[in-house]
Each structure stands twice: as structure tokens, then as C-alpha cells.
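User: I would like to learn how to read helix lengths, burial and packing from a set of coordinates. Where should we begin?

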Amino acid sequence: MVYGGKPSTGCHLCRKRKIKCDEGQPGCRNCSVYGKPCPGYRSDTIFRNETHKVEKLVRKNSSSPPSEIQPQPGGQVITWKIPETSQSVKAARTGSIDMGSQREPSLSLYKIADSTWEERAICYFFDQYTTYDGTNSGLTIGVSHLGFLPSLYAYCREQETHEGSASLCLRQAVDATACMALGNESKVPWLTVKARSNYGKALRGLRQALESRTQAVKDESLATLALLSLFEDIAGERNGLSSSHRAGFELLMKLRGASQFGYQRGRDLFNFAYTHTHSEILALGEKPRFSTDWIVEGLDTSDPVHRLISAASKVSQIFMEATSAQATPENVDAVQLFTWIDTGTALDSELSEWSQTLPNDWLPLVVHGPTGEPLITYQILFLSVIWNFYRAIRIVLQRLMLELRRIRAHFLGPFPDDDAVLEVIQDMIADVCRSIPFSLGDIDTLGNAPTPLDGGKPRIRAFHGYSLLWPLWYVLACGLATLEQAQLIRDALMRVGSVLGIKMAFKLADYTPGDLGFQFESPLESFL
């Protein structure tokens, strides 16, 4: 008998392809994506009889001395581990071996019905970048990150497609983004080249699809655009902070209207598109191409995530109004300035109320880390994403308020509550920094350091790291973090880029403090 170690409990098809299996019931997710029935799971057998295999191996390699395999009592044999040499790799791929350069028979002589790199890329991408809510502790938060994508992709694979169809665009976009994600993570250059080729096909197809309103409003079209934007960030190919797909997001959200809020997939797509669009709007200080008033009207205010989006939309509006004054300072007077301050104060109260009316399961937990420092954790990792966006929105708002109040001081002098604004910003920055260890998987919910994974693999999925990018950058760009906090943020961004292969993180880490769009020292003050 040969001890096989702890056996894989994945389904037979996933083990054959050598890909991670989620071991779902009644069938796994990978088999669902490929449209094949899941063959089921094997029992937890620890020992396997390899006598027949080794005897066959010995016969096949008759040039090797038979004495190198010593039979054990009862007709059982012991196998050995073959080193990973270039010869063994060649043998695994070709089924042949140069016996002149390797004396010992190799178990890698057997051809393995392995999956292709493209198939591995699809499974890696779905595992790392898509998730359902409430996967831990039975907690459901009503939001997911592209959790609908595997089933939608499987559906599109079954459809008859033609050039310019939204279904074909989605398939090509998934293939492109998956290859880029695995290519970056595993450092396989040719896979990233293939990814760019598929990206071009998906982009050309999407342009054709958008010529038809019927195709444009389909979920497949907006999902394709979401994937192309994700591809751009994984590849690190934005033009500075500007995404080439922001205008497309704004157009499709407007075309789809309030109907997209009526079902889960529509809401998930909207959440992704909205977050992508408004993160960039606040970063660059640019106006939306379309009015966003309809967004607030269509949101479900009983949903905490939608309440946060509603507040963020109002923050964006006052942000745009105030920053636009830089171009036309002659049209701004003291009354307008005081109106902005009052509106901002009311919005901050609304955001503060949001944090105080959440279910208990959503609230942050303060724990002590391995070295005794206070850290912030949550019941599930996805909550850290939502809370960090909340903190980023408050930082943007309070940073704007700080500048407006500083200008107001020219009229009426400093107010006693001006220091409170700075304290809110500093508290938000500190909370973001304290949540980084949990957000990166360095500690668990109780603050304990988890057991390292084999091969130094990260304990978080890639989408968690991707969701950290903009909140961390807002902290860095506001210019009010301490040197220690700024370095902590940069280190976290660099880690997301190097370990998870999301190259946009490198760009954000390189930006200097003060890059946010609300630098009012000039010319806004000129109206004074």
C-alpha cells in the first residue's frame, strides 16, 4: 500500500483537470460552468494499492534494473518521489523519456489527462473574482461580487451566437479577463498575450452590440463592460486614473433605468458599475455625463448598501458643484459657500446615522492582534469592503468640508467645530489602517494569525484585494495620513499588486498625497 497523504475530496472531473473544486452539492460549480454533470466525490480513502501501476511501470522501462523496486511482504510495493527535473516535465507532456540521461523509472511517464491553461484560467477567475454573499457564518448581506457570472457564462456557452451578439461578447470578455488574471498571478507571459487578443475581440463585439438598443440593455452587455474594466485594472493599463470604460458604464446604467433594480443580477451589475464610475468621478473631480438623480429615486432605502449608494450620490453632487467653482469663481458668493457647508454637514450626519442603524452582524469588531495592538475585524470579509467604502466616502466629504470651512474663516473667522472635521478624517484613516490586516487575511475574526497556506498563497481571494484599491487610495491621496499610515497603505497596495497580480495597485501606490480633485487654494479663493 502507498500512503497518499490527505486525499483531495474534490469531484472526479476537477481532480482530473487539476483545478480547485468547491465541493458543492449536488454538483460542483466548475462542472456547472462547463455544462457537464458532476461525477460526484470519492470517499476519504487514505491508502491506495499501486502494485499494478508499478509492475506495469517496471515492464515498460525494462532497461532499468528491476532490483530498484523491492517487493514487500504480501505483494505490496513502495513507490518513491521523482524529482521535478526538466526530463520529468518533458515526460509528463510527451509520454516519453530519454533513458540515457535518467536511470530511475519515473512515475511521470504516464500521460495525465490535464486541463488546458485556458480552462484553468476560467476556473481560477471564477474562484478568485466571483463570490456569493453570506458564505460564512450564515450571514447574508444581499450583495455579491459578480456572483451571477459563472451561471451567465454557462448560459452563453449554450446559446447560438453571432458577431455582435451580447452573449458572444461576454464569453470573449470572460476568456480575456480570466487569462490576464491567471497570467499575471502565475507569471505566464504568453497567457497575457492571448488575453489581450481576446480583449480586442470582446471590445469590437461590444461596440457592435451597442448599436442595437435590444442588445445594449441586456445583462450580458453590462457584464461584458464590467469584465473589460476589470481586465484594464488587472493589466494596469489605465491612462493614469482614467478608465476607458467609464462613459460606457454611465450610458448603460442610464439606458437600463430603474428596471435593473428589480432583480438580483441587475442590482449586482448596477453596484459594480456605480462603484467603478463614482470612484473615478471623485478621484478626478469630473462631472458625470448624465444626471444621477434617477439613481437615488430607484434605490431601496431599506437595503444598507443602497442607502450607502444614495448618500454617496449626494456627496458626489456637492463635490461636483464645489469643484466646478474652480473654473468659474466669479459665479460663487459667500451665500453659496455657506450652503455647501450646511449641505455637507447634513450629509455627514446621514452617513454617521448609516453606521449606527446597521444590524449587529454588520458592525465592526475591535480585537487585539498578535502583538497586542487594537485591530478591526468583521464576521465576514465582504463587510470590510463595504465599511472601507463608507470610510472613503466620509474622508472625501470631510476633506471637502475642511477646505470650504477654511475659506469661510476669511469671512467669519474659525468656528469651534472646525477641529471636529479634522478629527473625523483622522478617525476614518485610523480605522481603515486598523482593518488592513483582516482585509488582507493576516488575522481572522478573533484577531489570531491563521495557519499559512502551502506555497505562501494569499488567504484572501483576489476580488477582496481589488475592492481595497480605491478606499486605500483615497486615504493616501487626501494628504492627511501620517507618514506611518501612508507607508502602511502603500505596502498594502504593493502587496495586492505583487501577490494577487492586480497591476492597477502599483499605479495607485505611486500617487502622491494631495492628488484628489478638491485642491481649493487657487483659484476658488479668488472670489473672496
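Analyst: Begin with length: the expected span of a helix is 1.5 Å times one less than its number of residues. The model here is predicted, and helix H12 (residues 264-284) serves as the case. H12 has 21 residues, and its reach of 30 Å from first C-alpha to last is close to the expected 30 Å.

User: How many residues of H12 are buried?

Analyst: Buried means under 20% relative accessible area. By that cut-off 16 of the 21 residues in H12 are buried, so the helix is mostly covered. Just after H12, Gly 285 has a positive phi of about 70 degrees.

User: What span does helix H5 have?

Analyst: H5 (residues 117-129) has 13 residues and reaches 17 Å between its first and last C-alpha, close to the 18 Å expected at 1.5 Å a residue. Its buried residues are Ala 121, Ile 122, Cys 123, Tyr 124, Phe 125, Phe 126, Gln 128 and Tyr 129.

User: What covers the buried residues of H5?

Analyst: The cover includes helix H2 (29-33), helix H6 (149-158), helix H7 (166-186), helix H10 (219-235), helix H18 (462-477) and H19.

User: At what angle do the axes of H17 and H19 cross?

Analyst: Angles that are neither under 35 degrees, nor over 145, nor from 65 to 115 count as oblique. The axes of H17 (residues 418-439) and H19 (residues 483-500) come within 10 Å and cross at roughly 45 degrees, and the two helices are therefore oblique to each other. The crossing of H17 past H19 is left-handed. H17 contributes Ile 429, Ala 430, Val 432, Cys 433 and Ile 436 to the contact, and H19 contributes Gln 485, Leu 488, Ile 489 and Ala 492. By class there are 8 nonpolar residues, 1 polar and no charged ones in this contact.

User: Why would contact residues recur at intervals along a helix?

Analyst: An α-helix has 3.6 residues a turn, so residues three or four places apart point the same way. For a case, take H17 against H18: Ile 429, Val 432, Ile 436 and Ser 439 in H17 meet Leu 468, Leu 472 and Val 475 in H18. That contact has 6 nonpolar residues, 1 polar and no charged ones. The axes of H17 and H18 come within 10 Å, crossing at roughly 145 degrees, and this crossing is left-handed.

User: How many helices and strands does the protein have?

Analyst: There are 20 helices and 6 strands. Of the 528 residues, 51% are buried. Among contacts between residues at least 6 apart in sequence, 71% join residues at least 24 apart.

Conventions
Residues numbered from 1 in each chain as written. Predicted model: local features only at pLDDT ≥ 70, side-chain atom pairs only at ≥ 80, totals over all residues. Heavy atoms only, no water. Axes fitted to C-alpha atoms, helices over the stretch in contact; angles between N-to-C directions. Helix = DSSP H or I, 4+ residues; strand = E, 2+ residues; numbered from the N terminus. Left-handed = near helix turned anticlockwise from the far one by under 90°. Contact = heavy atoms within 4.5 Å. Nonpolar A, V, L, I, M, F, W, Y, C, P; charged D, E, K, R; others polar. Buried < 20%, exposed > 50% of the residue type's maximum accessible area, 1.4 Å probe, protein only.
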